[in-house]
Amino acid sequence: MLIQSGIDFNIPFAVLDPDAHAPCSSLVEFHHGKLTDFDAVMKFGSQCDIITIEIEIVNTAALKALAKEGKKVYPQPEIIELIQDKRTQKIFYRDYNIPTADFILVENAADVRKQKDFLPAVNKLGREGYDGRGVQVIRTSSDLNKAFDAPGLLEKLIDFDKEISVIVARNAQGEVKSFPPVEMVFHPEQNLVEYLFAPARLSKGLAAEADRIARKIIHELDMVGLLAVEMFVTKDSKVLVNEIAPRPHNSGHQTIEANVTSQYEQHLRSILGLPLGDTDIILPSAMVNLLGEPGHTGPAVYKGFEDVVKIPGVHVHLYGKQFTKPFRKMGHVTIVDPDMDALKRKADFVKDTLKVVS
Ligand SMILES: Nc1ncnc2c1ncn2[C@@H]1O[C@H](COP(=O)(O)OP(=O)(O)OP(=O)(O)O)[C@@H](O)[C@H]1O
Ligand SMILES: [Mg+2]
């Protein structure tokens with residue numbers, strides 16, 4: 001999707017990806033290699049003018065060396081490094097007075113088991129957890145045996161009213177623009193965004209508070225690029241930061257159809273040092289992640305495609321992945337409609353109708 005935006009600006013891309021059949025491999029100059037491998041990243045980056053990322057798990061030592069050689073690396077490697085570990089993220093929020101759930105750092109499962117008085121809590125892996133895979137709810141002491149035996153943190157379980165996200169961008173000149181908050185609805189078992197509504201149904205005051213926090217974070221980080229800020233709105237109307245991601249984000253897919261500028265174009269504008277684009281909403285939208293159907297592993301088949309694309313306002317994005325497996329992200333669908341109830345109805349229809357099977 002970033003490449004699709006870049007084509008509009010005549011930008012030639014090269015991509016490094018560990019999957020030899022990555023969906024973009026036939027579209028761009030493609031390099032097959034591990035993002036965590038110092039030499040692979042150095043070799044790849046040394047032929048680029050500007051280097052950016054779409055996943056944080058990348059060799060930051062190589063990115064730092066490339067930046068030293070004079071390459072533009074955005075987001076800056078030090079920021080990627082800070083974000084790679086949920087512990088350093090939380091310490092950053094605490095140091096900069098950014099509201100977040102109370103937490104305790106832990107080294108291993110034994111450390112977690114000592115914290116009976118801190119429950120109910122959420123145990124998170126410091127590094128390399130994503131899509132909910134490094135997150136475990138520890139509600140009572142009988143759940144303590146589930147604790148991760150690795151460095152991480154224990155965070156107060158937040159009884160939230162909503163989960164929201166604000167995507168904010170900053171260019172090298174220091175210009176900052178943010179998208180209006182969106183609201184995420186999570187899959188109860190998988191901890192994955194099931195669908196999302198934009199704009200979030202929030203009071204003006206809460207929307208302004210979420211926006212203020214997102215801007216403060218990108219400003220304090222001195223970051224160039226696009227930053228997604230995931231937040232909780234608590235039942236007593238407080239906004240708390242959950243985590244941040246320094247790249248185009250799942251909670252911004254709908255901006256392709258629903259906003260004047262998409263998150264992808266905004267990311268490019270920010271790292272190219274261009275004026276940032278207008279983030280206004282054109283129409284309210286819903287976004288549904290298209291996940292591999294449970295029980296199906298193998299070459300992907302898309303059931304119900306024609307039934308959903310005939311509905312006004314429905315836009316299907318398939319990611320070109322050859323193989324499906326349970327809950328793999330295979331694409332997403334954006335629905336635009338001026339009426340919020342119609343959006344919800346159409347989103348439910350899309351979820352029930354479009355299936356990725358094998
Ligand atoms: N302190 C908390 N209190 C209540 N729920 C939480 C808390 N922390 C996380 N969660 C729930 O778990 C989900 C996943 O947590 P988090 O975003 O930290 O993990 P992740 O694996 O990085 O997720 P993803 O890659 O899906 O964004 C959150 O979106 C939220 O629904
Ligand atoms: Mg998250």
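1. Helices (H or I, at least four residues) and strands (E, at least two) are DSSP runs, numbered from the N terminus. By that rule the protein chain has eleven helices and 21 strands. N10 sits in the loop between α1 (2–8) and β1 (14–17).

2. A word on the basis of this note. This is a predicted model, where local features need pLDDT of at least 70 and side-chain atom pairs count only at pLDDT 80 or more, while totals for chains, interfaces and linings use all residues. Residues are numbered from 1 along each chain as its sequence is written, chains are lettered from A and ligands numbered from 1 in the order in which they are written, and side-chain values use heavy atoms, with hydrogens and water left out.

3. Overall form comes next. The radius of gyration of the protein chain is 20 Å, which agrees with the value near 21 Å for a compact globule of 358 residues. That radius is taken over C-alpha atoms, and the globule rule is 2.2 Å times the number of residues to the power 0.38. Along its principal axes the C-alpha trace spans about 55 × 55 × 45 Å.

4. How much of the chain is buried? The share is 51% of the 358 residues. Buried means under 20% relative accessible area, exposed over 50%, and partly exposed in between (1.4 Å probe, protein chains only). Contact means heavy atoms within 4.5 Å. Among contacts between residues at least 6 apart in sequence, 61% join residues at least 24 apart.

5. Now the metal. E230 (OE) and E243 (OE) coordinate the magnesium ion (ligand 2), at 2.0 to 2.3 Å. E230 belongs to strand β13 (residues 225–234) and E243 to strand β14 (residues 239–245), so the pair ties together parts that are 13 residues apart in sequence. Donors are N, O and S atoms within 2.8 Å of the metal (3.2 Å for Na, K and Ca); water is not among the atoms, so the site may look incomplete. E230 is buried, with a relative accessible area of 11%.

6. Look at helix α5 (residues 86–95). Its buried residues are K86, R87, Q89, K90, F92 and Y93. Their cover includes α4 (77–84), β5 (103–106), β6 (121–125), β8 (152–156), α7 (204–221) and β14. Just after α5, N97 has a positive phi of about 60 degrees.

7. Y93, in helix α5, deserves its own point. Its relative accessibility is 0%, so Y93 counts as buried. Beyond neighbours within four places in sequence, Y93 is in contact with I98, T100, V241, N242, E243 and I244. One of these, E243, is also a ligand of the magnesium ion. The C-alpha atoms of Y93 and G295 are 40 Å apart, with their positions 202 residues apart along the chain.

8. Check the backbone. Most residues other than glycine have a negative phi, and most peptide bonds are trans. N10 has a positive phi, near 60 degrees. N10 is exposed, with 70% relative accessible area. S237 also has a phi near 60 degrees. S237 lies in the loop between β13 and β14 and, at 48% relative accessibility, counts as partly exposed.

9. Which peptide bond leading into P75 is cis? The bond from Y74 to P75 is, with omega near 0 degrees. P75 is in the loop between β4 (72–73) and α4. The bond from L119 to P120 is cis too, with omega near 0 degrees. P120 is in the loop between α6 (109–113) and β6.
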